[in-house]
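Here is a friendly walk through one protein model, with an eye on a helix, its pockets and a lysine side chain. Have the coordinates open as you read.

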Amino acid sequence: GLLPASLIVFIRKTMFLQRRTLLALSLCMAASAPALAQDKFPSKTVTIIVPQAAGGANDTIARVIAQKLSEQTGQSFVVENRTGAGGNVGTAAAAKTRPDGYTLLLTADSAMVINPALYKNTGFDPVKDFEPVSSVATAGYVLVAHPNFPARNTAELVALAKQQPGKINIGSAGNGTLNHLIGEMLGKATGIDLTHVPYKGPADVVRAIGAGEVQMSLASAATWTGLIRAGRARALAVTRSERLPLLPEVPTLREAGFPDIDPRPWFGLFASAGTPRAIVARIQKDVAAVINDAEFREREITGKGYGAVGSTPEEFAAFLKIDLEYKGRLIRVSGAKAE
């Protein structure tokens, strides 16, 4: 009942060749998997988490980018606002999502690089928990006041605040947000004492200034330019090294003698750590096509007071590390703390 030796040798050789063939096929499939994933992405709805309130600069940019990506890819890109703790709640939630590219984070530097220096525990690590996809835009911030506010420029503001220490209220979109930080920097640089009043979002600050609850704020020029033009707010200065094209008549804080107040606000897109490189590359390619569309840039980005910026994931990762150190140093100098 034993098999002939020659037949046993034949069976063993056949089994060996089958194993080699299966191994080769599996290696080929593994090598082609990233390319297949990239080609098929996206095949369902993509959620973009925005950790700031609706109506703010980051939310506005996220929605126009999402709409354009939906048109471009044929799949829905939807924006989900998850607010709280100056952006920490939504950012931490995004860090814990499945790393498949179907949940992204479009956030401002206030949450990603400022909060880690302001809070003892943000619930996320900006470097370890995320895959940078692309920078998207930069923003210009403007120092605005109620139209009846006595000061008409930075010098008059400083003089008035020194006469009335602690009596001038400055509103922000929340503790730890960028406009909170810039306000702290302004007070430190000018030697004035302003009373910080945090709100739940930019829309609440607009309402508060209109109602006279607070006298001033530092916020996105894109949000305030229309109100300034309509006489519902007064611009005292912009926090950039150069004047803003939307508000060319408004001087910079550098011109007013305070060159160190340059927060360099930006907005960028991230995926959770571990997202396949092919997926990250595909998303970056789609975002680049949106940003590089001349009509879109003029209508939705530069035309609304932002600067259009694109980058590779590697460039954005390198910039992120530099900005973490830069803004961390600014925070230490300003003495700002999350309340």
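Just after helix α2 comes G74, whose phi is positive, near 80°. In this predicted model, the helix ahead of that glycine covers residues 57-73, a run of 17 residues. From the first C-alpha of α2 to its last is 24 Å, close to the 24 Å expected at 1.5 Å a residue.

Which residues of α2 are buried? They are A57, N58, D59, I61, A62, V64, I65, A66 and L69. For reading such a list, it helps to recall that an α-helix has 3.6 residues a turn, so residues three or four places apart point the same way.

Helix α2 also takes part in the largest pocket, as one of the elements that each supply at least two residues of its lining. The others are α4 (109-118), α6 (178-190), β8 (216-220) and β10 (266-272). Here is how the two pockets look side by side.

| Pocket | Volume | Lining residues closest to the centre | Lining by class |
|---|---|---|---|
| Largest | about 470 Å³ | Q52, A53, A173, T177 and P202 | 15 nonpolar, 15 polar and three charged |
| Second largest | about 360 Å³ | E131, P132, R277, P313 and E314 | nine nonpolar, one polar and four charged |

In total, 33 residues line the largest pocket, while the lining of the second largest pocket is made of 14 residues. If you are setting up a view of the second largest pocket, β4 (130-139), α9 (277-291) and α11 are the elements to display, as each supplies at least two lining residues. The largest share there, five residues, comes from α11.

Helix α11 spans residues 313-334 and includes K327, a residue worth a closer look. Is the lysine K327 buried or exposed? K327 has a relative accessible area of 2%, and because buried means under 20%, K327 counts as buried.

What does the side chain of K327 meet in that setting? One polar contact is with the side chain of D109, at 3.0 Å. Another is with the side chain of D323, at 2.6 Å. Leaving aside residues up to four places away in sequence, K327 touches D109, V113, I114, P263, R264 and W266. D109 therefore appears twice for K327, as a polar partner and, by the contact cut-off of heavy atoms within 4.5 Å, among the residues that K327 touches.

Terms used: Residues numbered from 1 in each chain as written. Predicted model: local features only at pLDDT ≥ 70, side-chain atom pairs only at ≥ 80, totals over all residues. Heavy atoms only, no water. Helix = DSSP H or I, 4+ residues; strand = E, 2+ residues; numbered from the N terminus. Buried < 20%, exposed > 50% of the residue type's maximum accessible area, 1.4 Å probe, protein only. Polar contact = N/O pair within 3.5 Å; in protein donor to acceptor, adjacent residues only side chain to side chain. Expected span 1.5 Å × (residues − 1). 1 Å grid on protein atoms, 1.4 Å probe; cavity = no way out; pocket = protein on both sides within 12 Å on 5 of 7 lines; lining within 4 Å. Points joined across faces, edges and corners; volume = space filled by probe spheres on them. Nonpolar A, V, L, I, M, F, W, Y, C, P; charged D, E, K, R; others polar.
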